[in-house]
Amino acid sequence: MTPRLRALATASAISAAATAGYLTARHSLRAELATVRHAACHDPLTGIHNRAGLTAATDSFITTAHNSGRPVAVVLVDLVGFKKVNDTHGHDAGDHILTTVAQRLTGIAGPAGICARLGGDEFALITTGPATRRDDADTWLADWLTHIHTRLTTPVTYDRRTLAVGATLGAVLAHPAHPATVWLHHADLAMYTARANRRTTAVFTDTTDTTAADLRPTARPRDLARPTSPLAAAPTTWRAA
């Protein structure tokens, strides 16, 4: 091989190696970016969405479901008695409770729904019901909340021990006229009222005024047809103060 051909072969090998190195680095960078994006939107313990991931996904979810004529339920869940389980049986037992709740919410949501851990022992669920009239949607939501509560409060087995927690649920039927943050706040208000009134469930039903900071609960909520525990579940009607 002449010196010129040898030089060309060497240059070609160097170019091929550089190209392979560039492609490998680009693939690695893409994988790292995907990992970072996933971590930014998901809870590291349970693997479901975190608050940022939930907020980012909810607006388009509500719009798509509303356009198909299906009601959208935004449900917040606060576990009751979790701290006691955590303190009595240890953090591993507490983590098992949290991951089990996340798995159950994922099953309830199905492939089309969204669930998230908002922090601590608070979770969120966004799901759709059958295409129906508004009155039927209210009935569907009441029955759906009963199902969710029953599913989430089923005792958990861990290390040959039976662990049980309760749950307080706040919900609202959402539509795309307002952003996800409004509906999450309304569901949070409902959950707070359920907890304050020693109920398992409350529903925010007045969505004509979305200035949530100026909303106050009316008289004590009336019971649902199907109580979810000895403390009867209760839909809550709201009005502007």
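1. A word to start with: two residues are in contact when heavy atoms of theirs lie within 4.5 Å. With that in hand, look at R195: leaving aside neighbours within four places in sequence, R195 is in contact with D78 and T168. Please keep in mind as you read that this is a predicted model.

2. Let us stay with R195 for a moment. This residue is found in helix 6. Is R195 buried, exposed or partly exposed? R195 is partly exposed, because its relative accessible area is 38%, and the partly exposed class lies between under 20% for buried and over 50% for exposed. Its contact T168 is 27 residues away in sequence, yet the two C-alpha atoms are 6.5 Å apart in space.

3. Now step back to the whole chain. The protein chain has six helices and nine strands. Of its 241 residues, 41% count as buried. Among contacts between residues at least 6 apart in sequence, 69% join residues at least 24 apart.

4. The sheet is a good place to look next. Five strands make an open sheet in the order 2-3-1-6-7, with mixed pairing. Strand 2 and strand 7 are the edge strands, each pairing on one side only. On average, neighbouring strands of this sheet are turned by 20° against each other, direction ignored.

5. Try tracing the sheet from the strand 2 edge. Strand 2 (residues 114–119) runs antiparallel to strand 3, and five bridges join them. Here A116 stands opposite A124 in strand 3, and R117 stands opposite F123 in strand 3. The two strands form a hairpin with two residues between them, and G120 in the turn has a positive phi of about 60°.

6. Moving along, strand 3 also pairs with strand 1, in the antiparallel sense and over seven bridges. D78, which you met as a contact of R195, has E122 in strand 3 as its bridge partner. Why is strand 3 described as largely enclosed by the rest of the structure? Because six of its seven residues are buried.

7. At the other edge, strand 6 and strand 7 run parallel and are joined by four bridges. V172 stands opposite F204 in strand 7. In a regular strand the side chains alternate between the two faces of the sheet. Strand 7 (residues 201–204) is covered on both faces: T201 and V203 are buried on one side, A202 and F204 on the other.

8. Which helices lie against these strands? Helix 2 (residues 51–67) packs on the sheet and touches strand 1, strand 2, strand 3 and strand 6, with its direction at about 150° to that of strand 2. Helix 6 (residues 180–196), the home of R195, lies across strand 1, strand 3, strand 6 and strand 7 and runs at about 140° to strand 6.

9. Two helices also pack on each other. The axes of helix 3 (residues 82–89) and helix 4 (residues 91–109) come within 6 Å and cross at roughly 145°. On the helix 3 side the meeting residues are F82, V85, N86 and H89, and on the helix 4 side they are H91, A93, G94, I97 and L98. This contact is made of five nonpolar, four polar and no charged residues.

10. What about the interior? The largest nonpolar core has 33 residues, and those with the most contacts inside it are V75, L79, I97, F123 and I148. Strand 1 (72–80), helix 3, helix 4, strand 3 (122–128), helix 5 (134–152) and strand 6 (166–174) each supply at least two of its residues. Which element gives the most to this core? Helix 4 does, with eight residues. Beyond the four places on either side in sequence, I97 touches L79, F82, V85, V156, L163 and V165. There is also a second, separate core of 23 residues, which includes F61, V74, L76 and A124.

11. One last thing to find for yourself is in helix 5. A search of the whole structure finds one aromatic pair. W140 and W144 form this pair, and the rings are stacked, at 6.1 Å centre to centre with 20° between the planes. These two residues are four apart in helix 5, so about one helical turn separates them. Both W140 and W144 are buried.

Terms used:
Residues numbered from 1 in each chain as written. Predicted model: local features only at pLDDT ≥ 70, side-chain atom pairs only at ≥ 80, totals over all residues. Heavy atoms only, no water. Axes fitted to C-alpha atoms, helices over the stretch in contact; angles between N-to-C directions. Nonpolar A, V, L, I, M, F, W, Y, C, P; charged D, E, K, R; others polar. Core = buried A, V, L, I, M, F, W, Y, C linked by side-chain atoms within 4.5 Å. Buried < 20%, exposed > 50% of the residue type's maximum accessible area, 1.4 Å probe, protein only. Phe/Tyr/Trp six-rings, centres within 6.5 Å; stacked < 30°, edge-to-face > 60°. Pairing = 2+ DSSP bridges.
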